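Hello,

Here is the structure I promised to hand over. Please open it alongside this email and follow the notes below.

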Amino acid sequence: MTETASSRLTDTEFPVQRECPFAEPVEYEQIREQSSIAMVRLTGGGEAWWISGHEQGRAVLADRRFSSDRRKANFPFVSTDPAIRKRLHAQPLSLISMDGAEHTQARRALIGEFTVRRLAALRPRIQQIVDQCIDEMLTTDQHCADLVKTLSLPVPSLVICELLGVPYADHDFFQEHTATLVRRNTASEVRQHSIDELNAYLGALIDRKLASPDDDLLGRQIARQHRDGTFDRSSMVSLAFLLLVAGHETTANMISLGVVGLLQHPEQLAMIKDDPDKTPLAIEELLRFFTIVDSVTSRVATEDVRFGDTTINAGDGVVVSGLSADWDPTVFADPDRLDLERGARHHLAFGFGPHQCLGQNLARLELQIVFDTLFHRIPTLRLAAPLDKIPFKTDAAIYGARELPVAW
Amino acid sequence: MRLNADTGRCVGAGQCVLTEPTVFDQCDDGVVVLVINRPEGEAAQRARHAVALCPSGALSVTEEVDDG
């Protein structure tokens, strides 16, 4: 590291927990105003470059001189949990940790499953799932529900289970362990237990599919690798792990926060209800506004890289703050204003560069169907608790709501 | 303008298809396919937006001198 503690702009540790979903942490704004690239202390220990500007964030994520390999020294961890480190070294490299040609090859094997056309074919089934969840909600006599339990979590969970070929009957099991994993303050041994349980579960599932391959994403991947002679059980477990966790925690949180955002801005909600053609663009603004994954987009420099007056040295850790980038007022004017017609497609909520979210268009499709359906079928939907009484996930690596009481 | 697609760099994010499906498509393996490489009018505008959004840098634009 080139900078000394004395040249640090602030003693605040980053990332900073959000206090409310409608504002970025004040420290983000303060440091961004001083410098779009600054050396900071990390919450999990150590130091890294904090990239708070949108332009610089995109540049880092697109630049192949920055490595995603989480095993490398100085990789900026939010967590120092030994369970996470142990898993990184004991298991095959996950897709999100690969660089260069190895990453391209591994990602290429999957992208055919996520093409826009292929996802569009899932629309009727996703619509059916959303309708069933809402039917279920409406059977209650109390006219109130926890939206997380009734809609936000079941929809993406059912969709990813069907897509991957994971029995939904087991959802309590993996939802519980996934929630444990993404909570920042989970005790190390508890986290390790959840990792072991999920690995054992997915391993057994993959063994069953190897014996009799189903026509689902995991089945097709297994059959293909088996045919090519490249099948590796632990790599397949690692892939299933990534897709299952990423496939439901993220979208579930965006559904909940999106509903909160829309209900708090009734005039804008009315606009998309009147014209569902506006929903896709509105979703981009909701993705920008909440940017639920803030610091997964971390890297390590493999060469010296100059940004204006600043040199990031080979070996330095770099954290691209998606939230800060998406609240950069030079790119998104008045970033604290939710403006569903803004045209925010260039947000970094799905990251940028070769690692940009593989499931982004599945997420877009699910969000579109959920918002369009929910507010039409339950036009009187409202929050059943004041905003400050809603338990937001201030302690999770993926921001969201733990519960969302709604009524109609 | 002429569009170029470097299929070796494409990571199949699908941003281009989402932005302008009359110009961009994906093959079954998820890699970008140019349906038209000299789009005009609004399609050209949206194609430029797609180039700016492409996360992998697979898409680029070559400006051409207008023959007319």
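**Backbone points**

Asn74(A) sits in the loop between strand E4 (66-67) and helix H3 (82-90) of chain A. Please keep in mind that this is a predicted model. The phi of Asn74(A) is near 75 degrees, a positive value in a residue other than glycine. Most residues other than glycine have a negative phi, and most peptide bonds are trans.

The peptide bond from Phe14(A) to Pro15(A) also goes against that pattern: this bond is cis, with omega near -5 degrees. Look for Pro15(A) in the loop between E1 and H1 of chain A.

**Aromatic pairs**

Over all chains, the count comes to nine aromatic pairs. One of them involves Phe14(A), the residue just mentioned. Its partner is Tyr28(A), and the two ring centres are 5.9 Å apart. The planes meet at 25 degrees, so this pair is stacked, the cut-off being under 30 degrees. Phe14(A) belongs to strand E1 (residues 13-14) of chain A, while Tyr28(A) belongs to helix H1 (residues 26-34) of chain A. The pair therefore ties together parts that are 14 residues apart in sequence.

**Helix packing**

Two helix pairs are worth a look.

Start with H3(A), the helix that follows the Asn74(A) loop. H3(A) packs with helix H10 (residues 188-211) of chain A at an angle of about 35 degrees. Their axes are 8 Å apart. On the H3(A) side, the contact uses Pro82(A), Ala83(A), Ile84(A), Lys86(A) and Arg87(A). On the H10(A) side, they meet Ser188(A), Arg191(A), Gln192(A) and Ile195(A). By class, this contact has four nonpolar, two polar and three charged residues.

Next, take helix H4 (residues 100-111) and helix H11 (residues 217-228), both of chain A. Their axes are 11 Å apart, and the packing angle is about 125 degrees. That makes H4(A) oblique to H11(A), because the angle lies between the 115 degree limit for roughly perpendicular and the 145 degree limit for roughly antiparallel. Arg108(A), Ala109(A) and Leu110(A) in H4(A) touch Leu217(A), Gln221(A) and Arg224(A) in H11(A). The residues here divide into three nonpolar, one polar and two charged.

**Pockets**

Which helices supply at least two residues each to the lining of the largest pocket? They are H4, H11 and helix H12 (233-264) of chain A. H4(A) gives the largest share, five residues. The volume of this pocket is about 550 Å³. The lining has 20 residues, and the closest to the pocket centre are Met98(A), Ala106(A), Ala109(A), Gln225(A) and Ser235(A). Ala109(A) is thus in the helix contact and in this lining. Nine of the lining residues are nonpolar, seven polar and four charged.

The second largest pocket has a volume of about 450 Å³. It is lined by 23 residues. Nearest its centre lie Val148(A), Leu153(A), Gln175(A), Ala179(A) and Arg402(A). Helix H7 (147-152), helix H9 (171-182) and H12 of chain A each give two or more residues to this lining. The classes are nine nonpolar, six polar and eight charged.

**Cavities**

Rolling a probe the size of a water molecule over the atoms shows where empty space is left. Five cavities of 30 Å³ or more turn up. The second largest holds about 130 Å³ of space. Among its 16 lining residues, Cys10(B), Ala13(B), Gly14(B), Cys16(B) and Cys54(B) are the closest to its centre. How many charged residues are in this lining? There are none: the lining has ten nonpolar and six polar residues.

Best wishes

Key
Residues numbered from 1 in each chain as written. Chains lettered and ligands numbered in written order. Predicted model: local features only at pLDDT ≥ 70, side-chain atom pairs only at ≥ 80, totals over all residues. Heavy atoms only, no water. Axes fitted to C-alpha atoms, helices over the stretch in contact; angles between N-to-C directions. Helix = DSSP H or I, 4+ residues; strand = E, 2+ residues; numbered from the N terminus. Parallel < 35°, antiparallel > 145°, perpendicular 65-115°, else oblique. Contact = heavy atoms within 4.5 Å. Nonpolar A, V, L, I, M, F, W, Y, C, P; charged D, E, K, R; others polar. 1 Å grid on protein atoms, 1.4 Å probe; cavity = no way out; pocket = protein on both sides within 12 Å on 5 of 7 lines; lining within 4 Å. Points joined across faces, edges and corners; volume = space filled by probe spheres on them. Phe/Tyr/Trp six-rings, centres within 6.5 Å; stacked < 30°, edge-to-face > 60°.
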